[in-house]
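Hello,

Here is the structure I promised to pass on to you. Have a look at it first, and then read my notes below.

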Amino acid sequence: MSRGGGWGGRAWMVGVYTFLYVPILCLIVFSFTAGEITTRLDGLSLRWYAALARDAELHAAVLLSLRVGALAATAAVVVGTAAAVILVRAGPYPGSRFFVGMMSAPMVMPEVVVGLSLVLLFTHPTLAALGGRGVTAIWVAHTTLCAAYVAVLVASRLREMDRALEEAALDLGCPPLKVFFVITVPVIAPALAAGWLLAFTLSMDDFVLAAMLSDPGSTTLPVLVFARLHHGLKPEINALATVIVVVVSVAVLLVNRLLLAPPRTAGRSAARAS
Amino acid sequence: MNDRGAGGARGGVGGESVHLRIERLGKRFGDTWAVRDVALDIGEREVFALLGSSGCGKSTLLRMIAGLETPSSGRMLLDGEDLAAVPAHRRPTNMMFQSYALFPHMTVAGNVAFGLRQIRPRMRREAIAARVAEMLELVQMRAYAQRWPQELSGGQQQRVALARSLAREPRLLLLDEPLAALDKRIRQQTQFELVGLIRRVGVTCILVTHDQEEAMTMADRIGILSEGGLVQVGTPGEIYEHPNCRFSASFIGETNLFHGRIEGDRLVGSEFPQPIAFVAGAGAAPPQGGEAWLSLRPECVRVHQRAAGDACVPERPGENAAPAEVAEIAYLGNRSIYHLRLPGGRSMIASVPAAHWGEAAPPARGEPVRVSWPAPDGVLLLR
Amino acid sequence: MKVRPASAQGHGRFWVGLLPWAWMLLFFVLPFALIVSVSLSTPELAVPPYVSPFAGTAVDGASAFRPDPASYARLGGEVAALGTPGADRPYLAAYANSLLLAALTTLCCLVLGYPFAYQLARAPEAMRNTLLMLVMLPFWTSFLLRVYAWMGLLDSSETGLINQVLLGLGLVTEPLPLLYNTGAVLVGMIYSYLPFMVLPLYANLVKLDLHLLEAARDLGARPTTVFLCITLPLSWRGIVAGSLLVFIPAVGEFVIPDLLGGGSVMTIGRSIWDDFGPNQDWPMAAAVAVVMVVMLIAPIVLLHRHGGRAGSDE
């Protein structure tokens, strides 16, 4: 039996990959048009990249998105890791099942609902202290959403970590809190890094939450792009897409090399007798 | 002559001072007691093995001594000091884990130094480095100081783990299934190396194992655990020759067990064709009419050729004898294991040295034989 | 099971748990409670554009709970008018559209994704990571821009990419109206959600023991029988997980129907968005959201039970 699964299977794979990549390739090809139409090559030029380089509004949006992304990812790693520790390590306690549900709900809850609920929170008359809509609100929304993803990632790493590592550190005289920082954190570091990157990407990519929670001073990149898609299409957006695809591809390749290359797996827990 | 470790519970330390005293120690998980009512004294510089099958509570007992589990009842005294109030990271005990638990993000030297770095007031860097070098030298791993744990073989990891747990000069070394993660091939050699090293360092050691051979090779004394309770404590020889219950008898080495009732100095009603003569131990006389078991080690069974139809009567007073038939033979070179079938259908095993047959041909499968043993070789067990 | 010792660690755990508990209660549970509360409010031309049911004061000055069920009444009215032909039922239509779209998306993703994930799981081990990364890569790039790519492909004018190809090949004489209809939305949804189906399926299928298939073949089962009796039942959990990951967010999807559906495709996501934005009817948006969440919880619970049963069979 051939492992490849025959020609039919391979053709199917090629078909799906084509479906996934043709739209992206089209975006890239037409970013080099010299004309104004986004779906026709009227000569080759880099004029839309030049336009991109001059677009101050876009630059501001990119910077804001990067800032919100980094802040939200960092906060999400903190909240999500704490949640993962509780999910994996705390035995059953009153409310533990509720906690599991509460931590995973943001991943499946439709974004419009999460967005609407947070708008209601941030505009509530008695909660004016939260500062209303704006960058902080977007940061909170992204942190909440991403913390759920980070919790899942970190929890699965914690589950496969050999508990004996922490016990050994304790046994060798290391106080409990220090054990977490000198043993647990380094061992689960790949999951923390992966969680941060995932959170950063989710935040950079989110439109619905950012749009509902933005005020005039807080236009993130997706909010800006969405507005432009509604106000007539220009090949400048293709150029932007090309830049993003290149940056993301390089980043993914680098992360794969750096994070996955040295397979320093923690000692798997041998089934403990008695 | 049996039942010397009667009661089985507290193993007293002969002559030497008591180092660790465990009193009525118990641990409950939910509704079940993983460890119940364990009392044990362990002497200075003793190597003590807790032996039992998986789930018997031996690891839980060890983890309670290390402070990784909190006892539900009882107490532990180390040199007279109650350990209850001492959290794991302040106990003068160190443990070698079954998985070795080497920190994957630290080098070999980093692993060994880890415990030393926790000492307050802080040790000087050079002092730590010197101690690490000394420890790695002790386990012959000095050349590997800068390697990562995952680059080492199982045996090397085990030695690093040992060096790490000895570095802080623990007053009590705890080994949790020290060799279970190793290949069977290197396990035997490592047993001798490990115990030699422990004796050289002179540390008191408690090891947990499910492997009776490991326990007998390495330990001065063995404590047999079953269902959370200590059933017998003694030297390997004491336990092998004078088991105090069926569990000990069958857990340490192989044995033939015959179940019957006591009538005078005979065990009757067993599956052995005749009443079995036995010699009662020094203690109280066995209760007449009571239930009992006779344990007979395979090497105590004598096997002789016999012509078919031969009557098998004891040749001497106090001897037990019966006809049997060879069911299977396992040839092991210096000896053979005979699986014999008694007239009632019950089988028994005998270990026969190769030299036993002399010039004569050993009996083959299906051939009739005569089995016998002198009464003192059997051990009468009341539970 | 090992129970952790040392009460010191218990205390530590309490403080560690405080952060996620507090964060999620404040920023997820409380806001959701607010949605329920606002859904029972009266719309008003003010900021915020509603009167809270708690805002009214009773005669003695204490605040009282005065729910206004008007929003739910509107939804109920549409259900009641089901028998009346020609009646205007925008919300009901949005729910029906969304559920239908989500179901179709899930089904298409499953049909497309299952054989794909199966092939991926059987690919040579050295290639698997690369192939998987190629599935993930579009997911990492901007979601909006991927939808935008389809706007260009499906454009209904003669400059639309697919129309250019069709016209060029002489297959059609007039450009086809490909964009701004349900079909366009469906294609966009399948495109965007396919990785969410493939990943859980792959994770499940890659763990499938090939010896089981060989054993079945050895015992005389034909390939189709092997698939139906061994592979499919064993990958049931992956199918459930993938379907949930696609279906639930798809029901509430806003961006794709908005960009690819034009004015023609109304969905719950859009109706909430419109009531929240242009219409400034927050109580109605909240009520629609509450009903949607309740609707989504039911299938999760059902599928969860079903998944649990299939799991215990394994």
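Which residues touch the most other members of the largest nonpolar core? Please keep in mind that this is a predicted model. The core holds 268 residues, and the ones that touch the most other members are Leu116(A), Ala151(A), Ala199(A) and Ala289(C). Try clicking on Leu116(A): leaving aside residues up to four places away in sequence, its contacts include Met212(A) and, from chain C, Ile35(C), Phe276(C) and Ala289(C).

That leads us to the contact of chains A and C. Chain C gives 66 residues to this contact and chain A gives 63. On the chain C side, the elements giving two or more residues are helices, among them H1 (7-39), H3 (90-122) and H13 (282-313). H1(C) supplies the largest share, with 20 residues. By type, the chain C side divides into 51 nonpolar, 11 polar and 4 charged residues.

As for chain C as a whole, you will find 13 helices and 2 strands there. It has 314 residues, of which 40% count as buried.

Chain B has a sheet to explore. Four strands form an open sheet in the order S2-S1-S4-S5, with antiparallel pairing. S2 (32-43) and S5 (81-82) of chain B are at the edges with a single partner strand each, so one side of each has no neighbour in the sheet. S5(B) pairs with S4(B) over 2 bridges, and Leu77(B) stands opposite Asp82(B). Helix H1 (residues 58-66) of chain B packs on the sheet and touches S1, S2 and S4 of that chain. The direction of this helix makes about 65° with that of S2(B).

Enjoy exploring!

Technical notes:
Residues are numbered from 1 along each chain as its sequence is written. Chains are lettered from A and ligands numbered from 1 in the order in which they are written. This is a predicted model: local features need pLDDT of at least 70, side-chain atom pairs count only at pLDDT 80 or more; totals for chains, interfaces and linings use all residues. A residue is buried if 20 or more other C-beta atoms lie within 10 Å of its own, exposed if 12 or fewer, and partly exposed in between; C-beta atoms are placed from the backbone. A nonpolar core is a set of buried Ala, Val, Leu, Ile, Met, Phe, Trp, Tyr and Cys residues joined through C-beta atoms within 7 Å. Two residues are in contact if their C-beta atoms, placed from the backbone, lie within 7 Å. Ala, Val, Leu, Ile, Met, Phe, Trp, Tyr, Cys and Pro count as nonpolar, Asp, Glu, Lys and Arg as charged, and the others, Gly among them, as polar. Two strands pair if DSSP finds at least two bridges between them. Axes are lines fitted to C-alpha atoms, for helices over the stretch in contact, and angles run from 0 to 180 degrees between N-to-C directions.
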